[in-house]
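Q: Could you walk me through this model and show me how to read its features one at a time?

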Amino acid sequence: MNFPTPGPLPHQTNPEPSNQLLPTGDAPPMLPDNSWLQSGSAWLDHSQQDEGINLVGFFHSIRRQWLPGTLLGLVTAAAMALILWLLIPINFEAQGLLRVKRNNQDWTGELKYESERDYNVYKQTQSALIKSTYVLNAALRKPGIKSLTMLAREDYPLAFLEEELKAQYAPESEILTVGLKGDNIEDPVKIVDAVMEAFLEEVQQSDQTEQTRRLEQLRAAERKNLRAIQDKKETILKLARELGTKEDEQAAINQRVEFNKLNSLNMKRDALQGEYMDAVARLRMLQTVIQNQHVNPSEHEIEDHLESDPRYAEMKMMVGELKRQYNDMSQSRGANSPYLQRISQEIGKLSQEMETLKAELTPRILDRIGRLKGINRDDQQMNLRVAQMEAQMKAEQFKTVGQQADEQLAVIKDMFQSSTELELRQSEVESLEETTKKISDEIHNIELNQKMPDRIALIQSAIIPDRNSAWVKSSIVGGISLLTFLLSLFAIAFWDYQVKHLNEPKDLSRNGLRLLGSIPSLRGGMLKKPAGDTIIADSIDSIRTAILFGDTDGEVSSVVVTSAVGHEGKSTVASQLAVSLARAGRRTLLIDGDIRNPQQHLVFGLGVDVGLCELLKGQTTFDAAVKTTPAEGLWILPAGRCDVLSLQALAGNRIAAIMTQAQEQYDVIVVDSGPVLTGPEAMIYGRNADGAVISTRRDVSRLSKVEEARDRLQSIGVRVLGAVANGADIEVRETPLAIAAS
């Protein structure tokens, strides 16, 4: 006969010896091998499980919630991908290349490399010019450019180009890359080509025009100077004829010496003028620095320094003491008391003296604070006086040399008289000749530069290196979508992790519960098959042995099987444990004590008839309520029909009498109780039994609820034997008999 049970109920009265754990009087029964509890996660220090995130527990949360997490992740990732795909445009970037060459020739045509600093300045100037307003306006004036779709939709095309156009150099190179992004292929190419063309036309043509204009100006100045030199030479010849050549060679030498003195004094005066201006600048800078270096300490900081003075500290202490006396006396004496008035006058006098002393000490305190902050007023004043003296000295030297130059000029005037004009004319001719030579050199330099090739040349017209940038968009969308998927999965797993479900049997041991054993999954799962009858029988027999012989506090003849909340497999554990006890040769009574939600009559295929509820109300006898089962040595007391009277009777002493009568007739009593946290039944049964077993289910039970159920049972004196883990993964050791049976 098959029973509607999730576990292996016996189908014959003599089960195979390999599935029995029968205790004998000669030898103690074999305890279950729980060595598998030590396997897995050995790398994680569980002593630190409450500090941070337990990675093993988090992986279990992912395992539990992978399906809803995957569904949520797929939905959110798909939504994110759709949004990003609509928001992120496909941009095409057109790039054109210009070469900005280094100038490696001087005006003589010889090799002479430009300095790195000058070349960098030139490069940055060109990259700024290509985005300048007049270049971009010139590009927009070209036919068809302003009407392009990319620019036509902009209210201010010039501002758009100034912001979007990129001009940058490749690292350590002469290549200037001009780029522009757009949402089509043609417009960025045309715009970049127009900008580079306008740049070459406007900038280089402007340079050439400027050089041509400068060349014409220099040539005109050269011609003018040559005519002036010719005229001055004719004037000099005329003056020489008028004066006659009466001056002898010694007079000419003396004149030259006096001129040299005058030139030397003028040069010295110019140098002293520069030194005087430098000294004045240093003086002003020093004054500015001194003015900007303020010492503004807080009142609290000044007060701290004042208290370091013994006089001030003593006065402050005396004022405080007088104020304290004044406050104490004001409680018992009136405000017009002569004594209080004297104290008030003394306080005012000391306060005035403190203010006077504070005014005296404050400058020194400010100086001390300034020194602590690195400000030395003495050194600053010294440097200021030195700078003032230096400026005054340079001014006096300048004045003295100026007077000497004026005196020397008077000497020359007296000495040369009319010949001075001749010398001055000659000096003017020499100066004009020198200036004309410089102009000729610059003209030659410009002419050579005009013959040299342009420093800026077009290397490559605008192209789009990667015409298909959709893969970039796809990569971005795919990466963010994958990240969204993973975040959704991890969010679901993290939410599950916060609940602290039972992940593996040894979690019970780590939370202070004795682990009696584990029962594999009876229903299997998506990736594993249901456990076989032999495996389930071995597991429940190990639990039976742990209950009967694993506790040294006394013999167990009655046990309550309960759980923290519902759906944690307590009915399965109770029925399987009862069958195992009967199979071990013990007369066993299974009481379905979960009268609110009975299940055992379904497990054993019994109808809803009289049972525990009717027995509690006195409507039947114990023998009439107990039913037989197909399993040899196992009887069952069904729950019966629950009503308010049954619940009231359960709270009385009737259950104790029933348990006593049952213990007189049976070897072992197993009570399938209701959950601890949802009703009082488990505690009532537990008070009348030898111990209680808490049933838990992997991935369903919450460790906090299990601990609460244990604490609640122990708080009323119920002996908690341990816990059973349902749905656990266990190792299977197949024996030859099991292999042969399979």
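A: Happily! Let us begin with the overall make-up: the protein chain has 25 helices and 12 strands. Keep in mind throughout that this is a predicted model.

Q: How many residues does the protein chain have, and what percentage of them count as buried?

A: The protein chain has 742 residues, and 39% of them count as buried. Contacts add another view of the fold. Taking contacts between residues at least 6 apart in sequence, 81% join residues at least 24 apart.

Q: Let us turn to a single helix. What should I look at in helix 17?

A: Start with its span. Helix 17 covers residues 570-583, which makes 14 residues. From its first C-alpha to its last it reaches 20 Å, close to the 20 Å expected at 1.5 Å a residue. Next, look at its surroundings: helix 17 is mostly covered, with 14 of its 14 residues buried. Finally, see what comes after. Helix 17 is followed by G585, which has a positive phi near 90°.

Q: How do I describe the way two helices pack?

A: Two packed helices are described by the angle between their axes and the distance between the axes. Here, take helix 16 (residues 533-549) and helix 17: their axes come within 9 Å and cross at roughly 80°. Angles from 65 to 115 degrees count as roughly perpendicular, and helix 16 and helix 17 are therefore roughly perpendicular to each other.

Q: Which residues in helix 16 and helix 17 meet?

A: From helix 16 come I536, A537, I540, D541, R544, I547 and L548. In helix 17 they meet V573, Q576, L577, S580, L581 and R583. The residues of this contact divide into 8 nonpolar, 2 polar and 3 charged.

Q: Next, the aromatic rings. How many aromatic pairs does the structure hold?

A: There are 4 aromatic pairs in the structure. One of them is formed by F494 and Y497, which are stacked, at 6.5 Å centre to centre with 25° between the planes.

Q: How does the sequence help me read that pair?

A: The general idea is that an α-helix has 3.6 residues a turn, so residues three or four places apart point the same way. In this case, F494 and Y497 are 3 residues apart in helix 14 (residues 470-499), so about one helical turn separates them.

Q: Are F494 and Y497 buried or partly exposed?

A: One of each! F494 counts as partly exposed because its relative accessibility is 38%. Y497 has a relative accessibility of 7%, so this residue counts as buried. Both also belong to a cluster in which ring pairs link F58, F490, F494 and Y497.

Q: What does an aromatic pair between separate parts of the chain look like?

A: Look at W635 and Y666, a tilted pair at 5.5 Å centre to centre with 55° between the planes. W635 lies in strand 9 (residues 634-637), while Y666 lies in the loop between helix 22 (654-665) and strand 10 (668-672), so the pair ties together parts that are 31 residues apart in sequence. Y666 is buried, with a relative accessible area of 8%.

Q: How should I read a single residue such as L148?

A: Place it, check its burial, then list its contacts. L148 lies in the loop between helix 4 (133-140) and helix 5 (149-152). Its relative accessibility is 9%, so L148 counts as buried. Leaving aside residues up to four places away in sequence, L148 touches D187, K190 and I191. The C-alpha atoms of L148 and K190 are separated by 8.8 Å, although the two residues are 42 residues apart along the chain.

Q: What do the same steps give for H601?

A: H601 lies in helix 18 (residues 600-603). With a relative accessible area of 13%, H601 is buried. Again leaving out residues up to four places away in sequence, H601 touches D592, L606, G607 and V608.

Q: You mentioned a positive phi at a glycine. Which other residues should I check for this backbone feature?

A: Try K500 and D699. K500 has a positive phi of about 65° although it is not a glycine. K500 lies in the loop between helix 14 and helix 15 (506-510), and is partly exposed, with a relative accessible area of 34%. For D699, phi is near 70°, again a positive value in a residue other than glycine. D699 is found in the loop between strand 11 (691-697) and helix 24 (703-715). With a relative accessible area of 22%, D699 is partly exposed.

Notes
Residues numbered from 1 in each chain as written. Predicted model: local features only at pLDDT ≥ 70, side-chain atom pairs only at ≥ 80, totals over all residues. Heavy atoms only, no water. Helix = DSSP H or I, 4+ residues; strand = E, 2+ residues; numbered from the N terminus. Expected span 1.5 Å × (residues − 1). Buried < 20%, exposed > 50% of the residue type's maximum accessible area, 1.4 Å probe, protein only. Axes fitted to C-alpha atoms, helices over the stretch in contact; angles between N-to-C directions. Parallel < 35°, antiparallel > 145°, perpendicular 65-115°, else oblique. Contact = heavy atoms within 4.5 Å. Nonpolar A, V, L, I, M, F, W, Y, C, P; charged D, E, K, R; others polar. Phe/Tyr/Trp six-rings, centres within 6.5 Å; stacked < 30°, edge-to-face > 60°.
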